[in-house]
Amino acid sequence: ACPECGPGAPLCCFSMSQIATPTPTSHQFKVGDRVVLRRDVERFPHAVVDKGATGTVAVVEGGEHGHLCVALDDTVDGLREWDNQLIWDGWSEGLQDIPFDLALLRPCEKRGEEVGEDEYCGNDKPNGDTEYLCPDCYTS
């Protein structure tokens with residue numbers, strides 16, 4: 001239960017803040033963002049989607065029972081009924097899991113290969129930006 005809302009809240013304010021407010025462990029996801037699963041995600045009894053699966057954020061809705069949908073790149077048999085989308089919502093698959101389940105993907109500045117936000121390497125540029133590189137480009 002959320003320390004602010006208590007155990008009876010239908011949609012925890014902590015859960016919605018994970019989508020709405022960027023923090024070191026979350027990102028303000030928006031439609032079109034490329035993402036990768038940080039860990040296996042289970043949607044019992046239908047499917048388990050493996051860590052490393054990639055997709056595109058298809059829906060982000062706030063409100064009392066908000067939800068986030070990710071259209072997966074590869075077909076997962078148990079998710080055909082949901083157009084091959086993983087869904088986190090305020091009713092069942094807690095929104096509080098999003099920062100633990102998803103990482104933003106960004107392209108490596110040298111090769112264009114997608115790299116998880118939590119797996120990139122880089123150097124600070126003179127203008128203050130960070131060079132965004134995959135581990136292979138960083139070490140070469």
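How many bridges join strand E1 to strand E7, and in which sense do the two strands run? I would like to begin there, and the answer is that three bridges join strand E1, residues 34-37, to strand E7, residues 102-107, with the two strands running antiparallel. One of the pairs along this contact is Val-36, whose bridge partner in E7 is Ala-103. Please keep in mind throughout that what we are looking at is a predicted model.

Let me step back to the whole chain before returning to the strands. The protein has 140 residues, of which 36% count as buried, and its secondary structure comes to three helices and eight strands. If you follow the sequence from its start, the pattern reads α-β-β-β-β-β-β-α-β-β-α.

Now to the sheet that holds E1 and E7. Six strands make up an open sheet in the order E6-E5-E4-E1-E7-E8, and the pairing is antiparallel. At its edges are strand E6, residues 85-89, and strand E8, residues 114-116, each of which pairs on one side only. On average, and with direction ignored, neighbouring strands of this sheet are turned by 40 degrees against each other.

Within that order, strand E4, residues 54-61, and strand E5, residues 67-72, pair in the antiparallel sense over six bridges, and here Val-59 stands opposite Cys-69 in E5. Towards the other edge, E7 and E8 pair in the antiparallel sense over three bridges, with Leu-105 opposite Gly-116 in E8. E7 and E8 also form a hairpin that has six residues between them, and in its turn Gly-112 has a positive phi of about 80 degrees.

That brings me to positive phi values elsewhere, and as background, most residues other than glycine have a negative phi. Two residues depart from this in the loop between E5 and E6, where we find Asp-83 and Asn-84. Asp-83 has a positive phi of about 55 degrees although it is not a glycine, while phi of Asn-84 is near 60 degrees, again a positive value in a residue other than glycine. Are Asp-83 and Asn-84 buried or exposed? Asp-83 counts as exposed because its relative accessibility is 63%, whereas Asn-84 counts as buried because its relative accessibility is 11%.

Another loop to point out is the one between helix H1, residues 13-20, and E1, where Asp-33 has its place. At 8% relative accessibility, Asp-33 counts as buried, and its side chain reaches the backbone nitrogen of Lys-30 at 2.9 Å.

I turn next to the cysteines, and to the question of how many disulfides a search of the whole structure finds. The search finds zero; for reference, a disulfide is a covalent bond between the sulfur atoms of two cysteines. Cys-69, which we met opposite Val-59, is buried, since its relative accessible area is 5%, and Cys-108 also counts as buried, at 3% relative accessibility.

Finally, a word on the aromatic rings. The count of aromatic pairs comes to zero, yet a charged side chain does sit over a ring, for Arg-43 lies over the face of Trp-88, at 5.1 Å from the ring centre. If you have the model open, Trp-88 can be found in the edge strand E6, residues 85-89, and that is where I would like to stop.

Definitions and conventions:
Residues numbered from 1 in each chain as written. Predicted model: local features only at pLDDT ≥ 70, side-chain atom pairs only at ≥ 80, totals over all residues. Heavy atoms only, no water. Phe/Tyr/Trp six-rings, centres within 6.5 Å; stacked < 30°, edge-to-face > 60°. Lys NZ or Arg CZ within 6 Å of the ring centre and 35° of its normal. Pairing = 2+ DSSP bridges. Helix = DSSP H or I, 4+ residues; strand = E, 2+ residues; numbered from the N terminus. Axes fitted to C-alpha atoms, helices over the stretch in contact; angles between N-to-C directions. Buried < 20%, exposed > 50% of the residue type's maximum accessible area, 1.4 Å probe, protein only. Polar contact = N/O pair within 3.5 Å; in protein donor to acceptor, adjacent residues only side chain to side chain. Disulfide = S-S within 2.5 Å.
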